[in-house]
Structure formats: structure tokens, C-alpha cells
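Me: I am new to this structure and would like a close look at just one part of it. Could you pick a spot and walk me through it?

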Amino acid sequence: MDPKWFGGRLRELRQQAGLTQQQLAENAKMTRDGIAQIETGKNSPSWETVVVLCQALGVDCTEFTKEPSDKKRPGPGRPPKVQDTADKPAAKGKRKDKGA
């Protein structure tokens, strides 16, 4: 178990429960910013906070001993477009013929 996993695991468990950060914060009597700081690893929770989060999520504390999945978190901004040229016909360019 790696303590760095906690934030990622918290995010996964929150999303599995279908909760937003705000909803989890309200259930745990915390602030949304407090949840966000734990999820991003900026703050480490106290044992009391871990217990409150487990109760708010309806999970056993052992859930936090599991490694988060390897899903990469989307970064800021628009996701890149997928380039799928296999299904698209080749673009026909217009040529201008210059006379001599």
C-alpha cells in the first residue's frame, strides 16, 4: 500500500458512488475544496477524516488499501481529436491549371 494512492482511490470510490465532490463534501461535512485537495494529493487526511469519508461513501476503510486503476486522469483543456482516416475518403484537392 502506498499513501500516494489515497487521493486516486478517493476519486474512484466517489465516482463509483455517483457523487460529485460537492455531494461527498456535504455527506462528510467537509468543503468541496477539502475533497479536491485530498484527491489531488495536496493534503493528506487525518484518520478521523478517513473514517468520515468511508462512512459518507459507504465503504470499508480497507478500500483505501487498494491501488487505484491505471486510468489516466484527463488533463486541462479540450481532449485531442481522434484521427481516423481509415473510414474517410481521400480529400480531393482542387488544382488550378496554369496555361502557357
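Reply: Happy to! Let's start with a pair of cysteines, keeping in mind that this is a predicted model. The sulfur of C54 has its closest cysteine sulfur in C61, 3.3 Å away, which is too far for a bond. A disulfide is a covalent bond between the sulfur atoms of two cysteines. To count as one here, the two sulfur atoms must lie within 2.5 Å, so the 3.3 Å between C54 and C61 does not qualify. Searching the whole structure turns up zero disulfides.

How do the two cysteines sit with respect to the surface? C54 is buried, at 3% relative accessibility, while C61 is partly exposed, with a relative accessible area of 27%.

Now for the helix around C54. Helix α4 spans residues 47-57, and its buried residues are T49, V50, L53, C54, A56 and L57. These cover an arc of only 165° around the axis, so they lie on the same side of α4. The face turned away from that buried side carries the exposed residues W47, E48 and Q55. Among what covers the buried residues of α4 are α1 (5-16), α2 (21-28) and α3. Just after α4 comes G58, which takes a positive phi of about 70°.

One of those covering helices, α3, deserves a brief visit too. Helix α3 runs over residues 32-39 and includes E39. E39 is buried, with a relative accessible area of 5%. Neighbours within four places in sequence aside, E39 is in contact with G7, G8, L10, R11, R14 and Q21.

Definitions and conventions: Residues are numbered from 1 along each chain as its sequence is written. This is a predicted model: local features need pLDDT of at least 70, side-chain atom pairs count only at pLDDT 80 or more; totals for chains, interfaces and linings use all residues. Side-chain values use heavy atoms; hydrogens and water are left out. Helices (H or I, at least four residues) and strands (E, at least two) are DSSP runs, numbered from the N terminus. Buried means under 20% relative accessible area, exposed over 50%, partly exposed in between (1.4 Å probe, protein chains only). Contact means heavy atoms within 4.5 Å. The arc is that of the directions from the helix axis to the C-beta atoms.
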